[in-house]
Amino acid sequence: EKNMKSTTPATLLASLFAFVTASDPLSAQSTTSAPPKDEKDSIVQLSPFEVTADNRGYFAANTMAGTRIGSKIEDLGASITVVTKEQMTDFAMLDINDVFNYEANTEGTGNYTEFSFNRNGQPLSDAQLEPQRANRVRGISSVNVTLGNFATSGWTPIDPLNIDGVEISRGPNASIFGIGNAGGSVNTVPAAANVTRNKSQLTTRVDSNDGYRATLDINRVFLPGKLAVRGSAAYQHDGFHLKPSGTDTRRHNAMVKYRPFKQTMVTASYSSYKMHGNRPNVTT
C-alpha cells in the first residue's frame with residue numbers, strides 16, 4: 001500500500017515512453033545484422049558440359065539419345081538401350097547388324113532380309129547393296145545413324161574402334177529432334193583422346209567364314225591434363241560362304257584433345273574408311 005502511494009504520474013509516463021521506444025520497428029531494423037559476406041557474394045558455378053561415355057562394364061546409366069543432353073535413362077519415358085564398348089568387344093560386335101542380333105525389337109541382316117522390287121518386278125537385295133541400312137526396328141522401318149547426335153550419310157558402317165558406345169532409341173520418339181525415323185534412331189558416342197594416361201592396344205581376331213581383323217590403338221599424353229593425341233587403324237577382311245565373295249576394309253582415325261584452361265576443351269578428329277570387294281547375292 002505504501003508503494004502504490006509513492007508512484008506518481010510522471011513515473012508512469014516515463015515507463016510508458018521507454019516501453020514504446022523499445023518496441024519501435026525502426027529501432028528494431030537498425031539493430032538487424034547484415035548477412036554474412038560469403039552468402040551475399042556467393043556465385044553458383046555450373047560444371048562444363050562434355051559428351052563422354054560414363055559407362056562401367058555392360059551398364060550405362062546415362063544417355064543423350066532421349067533429350068540430346070546427358071540424362072538418366074531411368075528418368076526418360078522412352079525405349080532406349082545403351083550398348084557399351086565393353087559389351088561390343090565381349091560379343092564380337094563390329095557393326096549395327098551385329099548389335100541388332102542381341103537387342104530387343106531390332107532386326108539386322110542376320111535375322112531379317114530387306115528387299116524391294118524394281119519397275120521390272122525383279123527383287124533388289126538391300127542386304128547386298130546397303131547392309132548398314134538393311135535393318136528394321138519395332139517392325140516399322142530402318143533407323144538413321146548419328147555420330148554425337150549429328151546426322152550422317154549412313155554410308156559408313158559403325159565400328160567400335162572410334163566409338164565408345166551405341167545408343168538405340170526405338171519408336172517415333174526419335175523423330176522429336178528432326179533426325180530420327182519412325183522406327184527409331186541409333187546414336188554413336190564418339191571416342192576421344194585421353195589427357196590423363198597413355199594407352200597402346202593391339203587386337204586380332206578370326207572367324208569361321210575365313211574372315212580376320214587386326215586393329216592398333218595408341219594414345220599419347222604430351223601435356224598431362226592438357227594435351228593428348230590418339231591414333232588408330234584397322235584392317236578387316238569379311239568372308240562369306242558363297243565364293244569368291246569377300247570384302248576388304250581399311251580404317252584410319254586421328255584424334256586430338258587440348259584443354260588450355262580449366263573450363264575450355266578443344267577436340268578434333270579425322271576418320272577415313274575405304275572398302276572394296278563384292279558381297280554375295282541373297283536373293284534367287
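Helices and strands are DSSP runs, with at least four residues for a helix and at least two for a strand, numbered from the N terminus. On this basis, β15 (212-223) and β17 (246-261) each supply at least two residues of a nonpolar patch on the surface of this predicted model. The patch is formed by Phe222, Leu223, Val229, Val256, Tyr258 and Val266. Together these residues have about 510 Å² of accessible area.

The protein chain as a whole has 284 residues, and 31% of them are buried. It holds seven helices and 18 strands. The accessible surface of the chain comes to about 18,200 Å². Carbon and sulfur atoms account for 56% of that surface. Contacts across the sequence were also counted. Among contacts with a separation of 6 or more, 56% link residues 24 or more positions apart.

Two residues of strand β17 illustrate opposite settings. Val256 is found in this strand and belongs to the nonpolar patch. Its relative accessible area is 36%; Val256 is therefore partly exposed, a class that lies between 20% and 50%. Arg251 is also found in strand β17. Its relative accessibility is 8%, so Arg251 counts as buried, the cut-off being under 20%. The side chain of Arg251 makes a polar contact with the side chain of Asp159, at 3.4 Å. Beyond its neighbours within four places in sequence, Arg251 is in contact with several stretches of the chain. One group of partners is Thr156, Pro157, Ile158 and Asp159. The others are Ser232, Ala233, Ala234, Ser272 and Tyr273.

An open sheet is formed by five strands, in the order β5-β12-β13-β10-β11. The pairing in this sheet is mixed. Its edge strands are β5 (80-84) and β11 (150-151), each of which pairs on one side only. In general, strands of a sheet pair through backbone hydrogen bonds, either parallel or antiparallel. Both senses occur around β13. Strand β12 (residues 163-170) and strand β13 (residues 184-190) run antiparallel and are joined by seven bridges. Within this pair, Gly165 stands opposite Val189 of β13. Strand β10 (residues 144-147), by contrast, pairs with β13 in the parallel sense, over four bridges. Here the bridge partner of Leu147 is Thr188 in β13. Strand β13 is largely enclosed by the rest of the structure, because six of its seven residues are buried.

A further long-range approach involves a loop residue. Asn105 lies in the loop between α6 (96-100) and β6 (106-107). Asn105 and Gly139 are 34 residues apart in sequence, yet their C-alpha atoms are 7.4 Å apart in space. Leaving aside neighbours within four places in sequence, Asn105 is in contact with Arg136, Val137 and Arg138. Arg170 is another contact of Asn105, and this residue number falls within strand β12 (residues 163-170) of the open sheet.

Key
Residues are numbered from 1 along each chain as its sequence is written. This is a predicted model: local features need pLDDT of at least 70, side-chain atom pairs count only at pLDDT 80 or more; totals for chains, interfaces and linings use all residues. Side-chain values use heavy atoms; hydrogens and water are left out. Patches are made of residues with over 30% relative accessible area and no salt bridge: like charges are joined within 9 Å, nonpolar side chains (Val, Leu, Ile, Met, Phe, Trp, Tyr) within 5 Å. Accessible areas come from the Shrake-Rupley method with a 1.4 Å probe; for residues, only the protein chains shown count as cover. A salt bridge is a side-chain nitrogen of Lys or Arg within 4 Å of a carboxyl oxygen of Asp or Glu. Buried means under 20% relative accessible area, exposed over 50%, partly exposed in between (1.4 Å probe, protein chains only). Contact means heavy atoms within 4.5 Å. Two strands pair if DSSP finds at least two bridges between them. A polar contact is a pair of N or O atoms within 3.5 Å; within protein, one must be able to donate a hydrogen and the other to accept it, and residues adjacent in sequence count only if both atoms are side-chain atoms.
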